[in-house]
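Biologist: I'd like a close look at one residue in this protein and at what sits around its side chain. Could you walk me through it, with enough of the overall fold that I can find my way?

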Amino acid sequence: MIDKYGHQNITDYAITGDALITNVKAEASDACMSAIALKPRYIEIESERFNEYLKDEGAGEALSRRRASDQASLPGREYYTKLAKVVVQPSKACSQDTFAKLVGHELEIVPQDDPRRWTAGGTAAVIVLLRGKPAPGVRVSSGYEGIGHH
């Protein structure tokens, strides 16, 4: 969590079903941003869904390799981690550029303007950092649960 005093680690949490739950004692006006990085893990995805996922993500080269090596009918495996940042409505205690603060994730998307000013159908200026360095040309998309793909 980032508050007006800087970074604070959250160590008291629990996993309940699909949810990660924690209680943080902070003055409401002190909370500025929260971030989490879950441990990397492997997942396996049914072959048709995985092939469609590669297509949707613009990973045509990987899909071509799967087909050329007769692996397109096998389940796909992916090593991934979930990274998230949540900007809490800034208060007088938080700087107005809290949204641009780095949290140190291996892959981090940093807004270049205030996300509260973004609108549906509009554009959003961001910089993508990989291991702390700009990663130009990276495809960025958004989505939400239930949309079917992102």
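Modeller: Here is the overall layout, followed by a walk around Arg 66 and two other spots. Keep in mind that this is a predicted model.

Let's get oriented. The protein chain has two helices and eleven strands. Reading from the N terminus, the order of elements is β-β-β-β-β-β-α-α-β-β-β-β-β. Of the 150 residues, 21% are buried. Among contacts with a separation of 6 or more, 54% link residues 24 or more positions apart. The accessible surface adds up to about 11,500 Å², and carbon and sulfur atoms account for 52% of that.

Now for Arg 66, the residue I'd pick for your close look. You'll find Arg 66 in helix H2, which covers residues 60-68. What does a buried arginine such as Arg 66 have by way of an opposite charge? Arg 66 makes no salt bridge, and the nearest side chain of opposite charge, that of Glu 46, is 8.2 Å away. A salt bridge would need a side-chain nitrogen within 4 Å of a carboxyl oxygen, so Glu 46 doesn't qualify. What the Arg 66 side chain does have is a polar atom 2.7 Å from the backbone oxygen of Leu 74.

The rest of the surroundings come from either side of the helix in sequence. Leaving out residues up to four places away, Arg 66 touches Ser 47, Phe 50, Asn 51 and Leu 54, along with Gln 71, Ala 72, Leu 74, Pro 75 and Gly 76. Leu 74 thus turns up both in that list and as the owner of the backbone oxygen.

For a contrast in burial, try Pro 40. Pro 40 sits in the loop between strand E5 (31-37) and strand E6 (41-45). Its relative accessible area is 44%, so Pro 40 counts as partly exposed. Beyond its neighbours within four places in sequence, Pro 40 is in contact with Tyr 79, Tyr 80 and Thr 81. The C-alpha atom of Pro 40 is also 9.9 Å from that of Leu 83, although the two residues are 43 apart along the chain.

One last stop is a sheet. Three strands form an open sheet in the order E9-E10-E11, paired antiparallel. Its edges are strand E9 (107-111) and strand E11 (133-134), each of which pairs on one side only. E10, residues 126-130, is joined to E11 by two bridges. If you want a residue pair to click on, Leu 129 has Pro 134 in E11 as its bridge partner.

Technical notes: Residues numbered from 1 in each chain as written. Predicted model: local features only at pLDDT ≥ 70, side-chain atom pairs only at ≥ 80, totals over all residues. Heavy atoms only, no water. Helix = DSSP H or I, 4+ residues; strand = E, 2+ residues; numbered from the N terminus. Buried < 20%, exposed > 50% of the residue type's maximum accessible area, 1.4 Å probe, protein only. Contact = heavy atoms within 4.5 Å. Areas by Shrake-Rupley, 256 points an atom, 1.4 Å probe, with all protein chains shown as cover. Pairing = 2+ DSSP bridges. Lys, Arg positive; Asp, Glu negative; His and termini not counted. Polar contact = N/O pair within 3.5 Å; in protein donor to acceptor, adjacent residues only side chain to side chain.
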